[in-house]
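Work through the following exercises with the sequence and the model side by side, trying each task before reading its solution.

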Amino acid sequence: MKFVVRPLHIISVGGYIVEVDFPYRNIIVVNPTQEPIKIDLPVFTTDWIDKQRKLGLEIIPTKDEDSFLSTFRKAKAKLEKLKAE
């Protein structure tokens, strides 16, 4: 399945992770570009992260011990700063 990440937008793809030997609980996807970018979902392996980064997306994986909300807020603040420029 393809999913479009809108320009200057942030999403979480935690619900699309297939939990078979995957080390992260959730993944934050930030599109800092002015163009929409298509991503493949669901997420099966960690190779997915490198593949999406090559498209120009900022990928922030979070583990069980990380605070997802804090990490998401930091990424959103960074994106809002980018939007203001």
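**Exercise 1: the two sides of a helix**

In α2, Phe72, Ala75 and Leu79 are buried, where buried means under 20% relative accessible area, exposed over 50% and partly exposed in between, with a 1.4 Å probe and protein chains only. The model is a predicted one, in which local features need pLDDT of at least 70 and side-chain atom pairs count only at pLDDT 80 or more, while totals for chains, interfaces and linings use all residues. Residues are numbered from 1 along each chain as its sequence is written, and side-chain values use heavy atoms, with hydrogens and water left out.

Task: describe how the buried residues of α2 are arranged around its axis, and what they pack against.

Solution. Begin with the buried residues Phe72, Ala75 and Leu79. Viewed down the axis of α2, the buried residues fall within an arc of 70 degrees, so they line one face of the helix; the arc is that of the directions from the helix axis to the C-beta atoms. The general background is that an α-helix has 3.6 residues a turn, so residues three or four places apart point the same way. Next, turn to the other side of α2, where Arg73, Lys74, Lys78, Lys81 and Ala84 are exposed. Finally, follow the buried residues of α2 outward to their packing partners, which are β2 (9-12), β3 (26-31) and β5 (58-62), contact being heavy atoms within 4.5 Å. Helices (H or I, at least four residues) and strands (E, at least two) are DSSP runs numbered from the N terminus.

**Exercise 2: the sheet**

Task: give the order of the strands in the open sheet and explain what is left at its edges.

Solution. The 3 strands are ordered β2-β3-β5 with antiparallel pairing, two strands being paired if DSSP finds at least two bridges between them. β2 and β5 stand at the edges with a single partner strand each, so one side of each has no neighbour in the sheet. Between β3 and β5 the antiparallel pairing extends over 5 bridges, and Val30 has Glu58 in β5 as its bridge partner.

**Exercise 3: one residue in β2**

Task: is Ile11 buried or exposed, and which residues does Ile11 touch?

Solution. Locate Ile11 in strand β2, and then read its relative accessible area of 13%, which makes Ile11 buried. Leaving aside residues up to four places away in sequence, Ile11 touches Phe3, Val5, Ile27, Ile28, Val29, Ile39 and Phe72. Phe72, in turn, is one of the buried residues of α2.
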